[in-house]
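Colleague: I'd like to learn how to read this model feature by feature. Shall we start?

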Amino acid sequence: MSFLPPNPEDEIKVLLKVLGPLYSKVPGGSGKIEEFLKSGADLGSIKAMLGSIGLVRISDDGAVTEISPAEAAAAAAAAEAQSSGPMVDVPMNVTKSVQAALDKQAAAYQEKLAAAGGPPAVGTQCKRKNCKDRYEGEESMTKTCTHCPGEPVFHEGFKYWSCCDGKKTLDFEEFLNLPGCATTDTCLWFEEEADTAVEKPVRVDHFESGRDFVVSFFTKCAEPSKTSIQVNENTLSISTVYERNCTFTKSFRLKGAVDPSLCTAKLMSAKIDVKLVKTTGERWETLE
């Protein structure tokens with residue numbers, strides 16, 4: 001495929017739009033840069049320089065177009081984050097209170113569904129994977145659910161659950177009768193409807209002691225499997241789902257540098273604490 005060479009006049013207009021605000025701060029600067037560009041300057045080198053720092057976009061045919069302020073800001077932020085090292089996952093300690101809170105939340109939702117549509121029909125099987133229980137009456141609403149949170153695996157003739165791969169069998173009937181490896185306070189008698197995710201801000205607080213800067217995100221019933229916390233030397237990024245269908249995603253440009261290898265997080269029933277370890281003992285006062 002062949003391209004027509006870019007029109008120098010159009011290119012100069014784009015370059016003036018990008019460089020003009022900078023040179024306007026110098027007396028007569030705008031006129032001087034325009035004169036320079038029109039005097040036969042090496043436009044190719046100028047375009048390459050501006051393209052390398054994310055101020056213009058150069059297409060396959062060599063044409064140059066301005067990058068919007070939003071795109072330029074995003075590119076600058078990405079470049080700055082990259083210069084501070086790759087983002088790494090922060091180890092998370094999930095406390096027992098989290099699972100208890102999630103079980104309570106699930107039970108409350110089941111009660112809501114039951115109130116809306118009545119009790120499940122007798123003989124209804126629990127909706128959790130590998131639970132053998134069926135609804136037999138009101139007493140079933142308080143029966144402990146034994147199930148497998150993982151997925152069924154069929155590999156090279158063996159059949160097992162991914163969450164308890166120490167129990168493998170070649171016989172399908174035996175696989176169906178394998179006991180669950182996890183328990184929940186009550187069975188799941190109703191299929192939970194997929195909720196529409198809603199981005200919802202959360203309260204953020206912090207305290208610092210020496211080199212430790214602890215950030216608290218007040219996210220009730222945050223789901224561990226849907227929570228990601230990452231850091232590099234000067235960036236903290238968090239993404240989580242809490243209260244069933246609320247989402248929170250945000251990145252913070254930190255006030256100072258941290259040691260990513262020492263940062264940790266703790267998930268509790270009502271909040272997430274992220275401990276950032278500063279590289280110096282200097283007080284930050286604020287997160288950003």
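Colleague: Take the hairpin of β15 and β16. How many residues lie between the strands?

Modeller: β15 and β16 form a hairpin with 4 residues between them. First, the vocabulary. Helices (H or I, at least four residues) and strands (E, at least two) are DSSP runs, numbered from the N terminus. Two strands pair if DSSP finds at least two bridges between them. Here β15 (residues 264-267) pairs with β16 (residues 272-277) over 4 bridges, in the antiparallel sense. Thr-264 has Lys-275 of β16 as its bridge partner, and Leu-267 stands opposite Ile-272.

Colleague: What should I know about the model before going on?

Modeller: It is a predicted model: local features need pLDDT of at least 70, side-chain atom pairs count only at pLDDT 80 or more, and totals for chains, interfaces and linings use all residues. Residues are numbered from 1 along each chain as its sequence is written, and side-chain values use heavy atoms, with hydrogens and water left out.

Colleague: Which side chains of β15 are buried?

Modeller: Buried means under 20% relative accessible area, exposed over 50%, partly exposed in between (1.4 Å probe, protein chains only). Along β15 the side chains alternate. Ala-265 and Leu-267 point to one face and are buried. Thr-264 and Lys-266 point to the other and are not.

Colleague: Which strand pairs with β15 in the parallel sense?

Modeller: That is β4 (residues 92-94), over 3 bridges. The bridge partner of Asn-93 in β15 is Lys-266.

Colleague: What is the strand order in the sheet that holds β15 and β16?

Modeller: Read the order from edge to edge. This open sheet of 5 strands runs β4-β15-β16-β11-β10, with mixed pairing. β4 and β10 (204-209) each have a single partner strand, so one side of each is left without a neighbour in the sheet. The twist averages 20 degrees from one strand to the next. Axes are lines fitted to C-alpha atoms, for helices over the stretch in contact, and angles run from 0 to 180 degrees between N-to-C directions.

Colleague: Which strands are at the edges of the sheet β3-β12-β13-β14-β9?

Modeller: That sheet is also listed as open, with 5 strands and mixed pairing. Its edge strands are β3 (88-89) and β9 (198-199), and each pairs on one side only. β9 runs parallel to β14 (residues 246-253), with 2 bridges joining them. Val-198 has Cys-246 of β14 as its bridge partner.

Colleague: Stay in β14. Is Thr-247 buried or exposed?

Modeller: Thr-247 lies in β14. Its relative accessibility is 16%, so it counts as buried. For polar partners, use a distance test. A polar contact is a pair of N or O atoms within 3.5 Å; within protein, one must be able to donate a hydrogen and the other to accept it, and residues adjacent in sequence count only if both atoms are side-chain atoms. The Thr-247 side chain makes such a contact with the side chain of Glu-199, at 2.8 Å.

Colleague: Now a helix. Which residues of α2 are buried?

Modeller: In α2 (residues 29-38), Gly-29, Ile-33 and Leu-37 are buried. Seen down the axis, they fall within an arc of 65 degrees, so they line one face of the helix. The arc is that of the directions from the helix axis to the C-beta atoms. On the other side, Lys-32, Glu-35 and Lys-38 are exposed.

Colleague: And loops? Where is Asn-130 placed?

Modeller: Asn-130 sits in the loop between α5 (96-117) and β5 (145-147). Asn-130 is buried, with a relative accessible area of 11%. Contact means heavy atoms within 4.5 Å. Leaving aside neighbours within four places in sequence, Asn-130 is in contact with several residues, among them Thr-146, His-147 and Trp-161. Its side chain reaches the backbone oxygen of Leu-178 at 3.1 Å.

Colleague: Finish with the whole chain. How many helices and strands does the protein chain have?

Modeller: The protein chain has 6 helices and 16 strands. Buried residues make up 36% of its 288 residues. Among contacts between residues at least 6 apart in sequence, 58% join residues at least 24 apart.
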